Amino acid sequence: MGDKNALEKYDPLRVVAGLAGGNEDVKSAAAENPGTAVAIIASVHTQGGASLPVLARALDNVLGLIQDRKARGLLDKHVTPEVQAEMVVVHGDLPSVIIQVADPEVIVAALESDAAQTQEVDRGHLVSVSFLIRAWARNAKDRNDWLALLEAEIGELILEDLLIAAVYFDAREDVDEISPDMWEEVGLDPMDAYERLDELLETDELPRFSELDVAVAGKRLRALRESFQQETSVEALRKLVEDIEI
């Protein structure tokens, strides 16, 4: 599979399965012509035949082969913003290259979609969004537009405040238990984050999470993660292509 159009010689489902499974030959061909790889993934999504988690993992593995700027260009050329958002959501709290390179509006749309699905759209009930943005922050904090992205609003609250609330809850709602590296690992400046947390506490504007809220959000995120892992397992990918004629 070394020539430029090698991917086009194979059944699209086999290409998607190979990309999702990290097949070295398929990845090598995709690295030579990532545009073709992304186009094939998009066509399989349109025509059906592979689950969204499989397509999302395949796309992640292609995007991981190329530079961020070029990756966003290929995403926008071949995959609609709506489908990009769906692929972000289906990862749950798992790391994703798509989250690193997609347009900020796609990330916000993904979070809004998750909030809508969980009916957590009013103040104080955006728990899953808070924990999602915290999970995503670990591999999206190096985006050039990360701080600008955190200014986006979800349910009349900005993402930065929801992120701060998630860190605060993890520290058992005790400011003294929050170390500087807890802020840094989610892409926040410690001094600025401490100051903003103090402001939110003083004005009583900090989102509050009940134990039940957290349990429900955690259950949803675990379900998304487990579903993604199951549908992209070696066995699942093998079943995807076992009926395709060689």
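Student: Which helix is S130 found in?
Tutor: Quick ground rules: this is a predicted model, where local features need pLDDT of at least 70, side-chain atom pairs count only at pLDDT 80 or more, and totals for chains, interfaces and linings use all residues. Residues are numbered from 1 along each chain as its sequence is written, and side-chain values use heavy atoms, with hydrogens and water left out. Helices here are DSSP runs (H or I, at least four residues), numbered from the N terminus. On that basis, S130 belongs to α9 (residues 127-140).

Student: Is S130 buried or exposed?
Tutor: Buried means under 20% relative accessible area, exposed over 50%, and partly exposed in between (1.4 Å probe, protein chains only). S130 has a relative accessible area of 0%, so it counts as buried.

Student: And which residues is S130 in contact with, leaving aside neighbours within four places in sequence?
Tutor: Contact means heavy atoms within 4.5 Å. With those neighbours set aside, the partners of S130 are L162, A166 and F209.

Student: F209 rings a bell. Which residues line the largest cavity?
Tutor: On a 1 Å grid over the protein atoms alone, a cavity is a set of points where a 1.4 Å probe fits but cannot get out, and lining residues have an atom within 4 Å of a point. The largest cavity holds about 30 Å³ of space. By class its lining has 6 nonpolar, no polar and 2 charged residues. They are A165, Y168, F169, E173, L206, P207, R208 and F209.

Student: What about open space: which element gives the largest share of the lining of the largest pocket?
Tutor: A pocket is an open set of points with protein on both sides within 12 Å along at least five of seven lines. The largest pocket has about 290 Å³ of space, and its lining counts 1 nonpolar, 3 polar and 6 charged residues. Two elements give two or more residues to that lining, α5 (68-78) and α7 (97-101). The largest share, 3 residues, is from α5.

Student: Why do the buried residues of α15 line one face of the helix?
Tutor: In α15 (residues 234-241) the buried ones are L237, L240 and V241. Looking down the helix axis, they fall within a narrow range of directions (taken from the axis to the C-beta atoms), so they line one face, and that arc is 80°.

Student: Which exposed residues are on the face of α15 turned away from its buried side?
Tutor: The buried residues of α15 are covered by elements including α1 (12-21) and α4 (52-63). The face turned away from them carries R238 and K239.

Student: How far apart are the C-alpha atoms of E242 and R14?
Tutor: E242 comes in the segment after α15, and it counts as exposed because its relative accessibility is 53%. Along the chain E242 and R14 are 228 residues apart, yet their C-alpha atoms are separated by 9.3 Å.

Student: Now α2: what does its buried side pack against?
Tutor: Helix α2 (residues 24-32) buries V26, A29 and A30. They cover an arc of only 100° around the axis, which puts them on the same side of α2. E24 and D25 are exposed on the other side. The buried residues pack against α1 and α3 (34-47).

Terms used
Points joined across faces, edges and corners; volume = space filled by probe spheres on them. Nonpolar A, V, L, I, M, F, W, Y, C, P; charged D, E, K, R; others polar.
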